[in-house]
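Trainee: I've got this one open in the viewer and I'd like to talk it through. Can we start with the ligand and work outwards?

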Amino acid sequence: MTNKKKQGTIVVGGGLVGSLLSIFLKHRGHDVSIYEGRMDMRKAQMSAGRSINLIATRRGLHALAEAGLSDVVLDHAVPVAGRMIHKLDGRQEYQPYGKNESEVNYSVSRGELNKLLLSEASKAGVDLHFDHLLRGADLSRGILTFGRGDDSEVTVEAETIFGADGAGSAVRNELKAAPGFQTSYEDLGHGYKELLIPAHPDGSYQIERNALHIWPRGRSMLMALPNRDGSFTVTLYLPTSGPGSFEDLQTPAGVQSLFEEIFADSIPLIPDLQSDFFENPNGTLGTRRCNFWNQEGRVLLLGDAAHAVVPFFGQGMNSGFEDITVLMDLLEKSKNRKSCFSEFSSMRKPDADAIADMSLDNFYEMSERVGDPKFLLRKKVEHLLEKRFPKEYRSRYSMVAYTRIPYRVAQAAGRIQASMLDELCTGIDDAVDMDLDLARTLLREKLEPFLAEHSIRHTD
Ligand SMILES: Cc1cc2nc3c(=O)[nH]c(=O)nc-3n(C[C@H](O)[C@H](O)[C@H](O)COP(=O)(O)OP(=O)(O)OC[C@H]3O[C@@H](n4cnc5c(N)ncnc54)[C@H](O)[C@@H]3O)c2cc1C
């Protein structure tokens with residue numbers, strides 16, 4: 001059955017970005033509806049192995065604060081102040097993230113956050129339509145056709161369409177009809193699977209609560225993030241094919257032997273390793289890029305639909321939330337939606353490309369270098385620079401996680417800083433031996449002109 005209703009603004013996808021975007025638009029007086037392919041997740045049981053924990057950092061927290069939602073979200077989160085590296089021999093080494101205790105990240109369940117944002121959207125008066133999966137569209141005319149679980153179809157016409165339907169976006173697929181539109185996907189060749197470290201019977205944590213735990217083993221990696229109930233959601237990253245890959249691990253003995261070989265100290269923490277491994281689904285990882293994200297002033301892609309990244313900088317959601325605040329600023333200034341969407345697309349894309357590249361860099365850093373003594377020395381020297389020269393030096397990680405400096409600027413500053421670290425680490429084995437005079441000269445000659453050019457002044 002087909003029916004056709006005319007709508008103001010439609011957000012396709014009620015995930016993290018779509019639900020937060022709809023709240024912002026509603027607060028600004030738009031008539032907004034979300035069309036979401038799944039059933040209402042607030043009523044449905046979350047499927048096992050798809051619970052994913054996310055790290056929320058400054059950009060995402062800023063967007064939540066602008067929507068008046070940071071307190072309610074932080075009530076559901078666990079602060080995470082640094083990385084705990086689990087070495088092959090079982091020793092652990094803690095690396096703080098920020099320059100002081102105020103610089104922490106927050107671990108939050110993706111499902112819980114999504115439910116909360118949907119409830120807030122509903123409270124704000126957004127019309128929510130679940131079980132509406134976009135199947136086809138004529139975007140130039142603003143016409144969308146959704147399929148429902150009972151095989152019926154609903155066709156709607158909208159003034160404005162936001163594509164917030166995630167990495168596999170159907171809106172993006174329809175945008176292929178727009179002149180000149182191009183999109184690419186780069187598969188990482190690695191997948192992920194969720195495992196669980198449960199709480200102790202008394203509800204306490206089995207490992208340090210306020211840390212992101214990492215077991216870096218070359219191209220394989222285990223990561224664990226805390227939940228509020230004392231458990232940790234663990235993500236196992238493995239190559240998709242080849243020795244030691246998901247494809248290769250087909251038997252309980254194979255899984256046991258991989259864990260004994262490279263993640264031995266995690267085995268007692270994960271009592272349901274075998275069932276988690278064989279029952280939970282595998283997820284894929286890759287980078288999505290598009291040459292632009294809008295069709296005239298009618299259609300705009302945001303979040304993963306526009307720029308999905310690999311999760312190793314913890315910025316997918318954060319960058320999607322930042323899309324929203326950047327867009328809101330532009331909408332405020334511009335009366336013309338066409339130029340606003342075009343400006344958003346051309347201004348924001350270099351930032352999306354930068355965080356995509358930095359997320360890939362971080363994959364190599366976390367998987368290969370995080371346990372390497374030379375890398376650890378660089379991190380210590382960097383930490384010292386941040387402490388001694390807080391107004392001039394912020395690590396690239398800090399700029400991405402704790403500031404709203406555009407991603408492309410953080411990336412460029414990071415390149416300059418990497419060359420400074422090369423010089424400062426040459427010939428020393430201990431960070432305390434860093435040559436402070438050389439550091440001052442490098443700051444003055446290399447970094448300060450860049451900071452001045454971009455009007456960046458870090459605070460103490
Ligand atoms: C293992 C892992 C770890 C991660 N860790 C972090 C982290 O620490 N920090 C961080 O910031 N990010 C992280 N991310 C990334 C983050 O999950 C995504 O960037 C974020 O969920 C993107 O939000 P979105 O709303 O754009 O897309 P999604 O959250 O995917 O939402 C898209 C929505 O659209 C709906 N939909 C899809 N197709 C259709 C259709 N045809 N019709 C209607 N509706 C449709 C979907 O059902 C879904 O509800 C991680 C991702 C992974 C995989």
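Mentor: Sure, one definition before we start: a residue is near a molecule if its C-beta atom, placed from the backbone, lies within 6 Å of it. Keep in mind too that this is a predicted model.

Trainee: Okay, how many residues surround the ligand, and which are the closest?

Mentor: With that cut-off, the shell around the ligand holds 35 residues. The closest of them are Gly 13, Gly 15, Gly 166, Gly 303 and Gly 316.

Trainee: Which elements give two or more residues to that shell, and which one gives the most?

Mentor: The elements that give two or more are α1 (16-27), β3 (53-56), β9 (133-138), α8 (304-307) and α9 (316-333). With 4 residues, the one that gives the most is α9.

Trainee: What does the shell look like by class?

Mentor: Glycine counts as polar here. On that basis, the shell has 5 charged, 15 polar and 15 nonpolar residues.

Trainee: Which domains does the shell draw at least three residues from?

Mentor: Start with the division of the chain: domain 1 (4-79 + 105-185 + 286-363), domain 2 (187-284) and domain 3 (372-453). The shell draws at least three residues from each of domain 1 and domain 2.

Trainee: How far apart are the C-alpha centres of domain 2 and domain 3?

Mentor: Domain 2 is residues 187-284 and domain 3 is residues 372-453. Their C-alpha centres lie apart by 33 Å.

Trainee: Zooming out, how compact is the protein chain for its length?

Mentor: The chain has 14 helices and 18 strands. Its radius of gyration is 23 Å, close to the 23 Å that the globule rule gives for 460 residues, so the chain is as compact as a globular protein of that length. If you want a box for the C-alpha atoms, along the principal axes they fill roughly 70 × 55 × 40 Å.

Trainee: What share of the residues is buried, and what share of the contacts joins residues at least 24 apart?

Mentor: Of the 460 residues, 42% count as buried. Among contacts between residues at least 6 apart in sequence, the share joining residues at least 24 apart is 71%.

Trainee: Back to α9: what span should it have, and what does the model give?

Mentor: The helix has 18 residues, and at 1.5 Å a residue they should span 26 Å. The end C-alpha atoms of α9 agree with that, being apart by 26 Å.

Trainee: Which elements do the buried residues of α9 pack against?

Mentor: The buried residues of α9 include Gly 316, Met 317, Asn 318, Phe 321 and Leu 327. Gly 316 is also one of the residues closest to the ligand. The packing partners of the buried residues are α1, β3, α2 (58-66), α8 and α10 (337-369).

Trainee: And α4: which of its residues are buried, and what do they pack against?

Mentor: Helix α4 (residues 110-124) reaches 21 Å from its first C-alpha to its last, close to the 21 Å expected. Its buried residues are Leu 113, Asn 114, Leu 116, Leu 117, Leu 118, Glu 120 and Ala 121. They pack against α1, β2 (32-35), α3 (70-74), β7 (105-109) and β8 (127-129).

Trainee: What phi does Gly 125 take?

Mentor: Gly 125 comes just after α4. Its phi is positive, at about 105 degrees.

Trainee: Is Phe 162 buried or exposed, and which residues is it in contact with?

Mentor: Phe 162 is found in strand β11 (residues 153-163). A residue counts as buried at 20 or more other C-beta atoms within 10 Å, and Phe 162 has 28, so it is buried. Leaving aside neighbours within four places in sequence, its contacts are Val 11, Val 12, Leu 21, Leu 300 and Leu 302.

Trainee: Where is Asp 131, and what is its phi?

Mentor: Asp 131 is found in the loop between β8 and β9. With 17 other C-beta atoms within 10 Å, Asp 131 is partly exposed. Its phi is positive in a residue other than glycine, near 55 degrees.

Trainee: Last one: is Ser 455 buried or exposed?

Mentor: Ser 455 sits in the segment after α14 (436-453), and its phi is near 50 degrees. The cut-off for exposed is 12 or fewer other C-beta atoms within 10 Å. Ser 455 has 7, so it is exposed.

Notes:
Residues numbered from 1 in each chain as written. Predicted model: local features only at pLDDT ≥ 70, side-chain atom pairs only at ≥ 80, totals over all residues. Domains from an automatic or database assignment. Rg over C-alpha atoms; globule rule 2.2 N^0.38 Å. Contact = placed C-beta atoms within 7 Å. Expected span 1.5 Å × (residues − 1).
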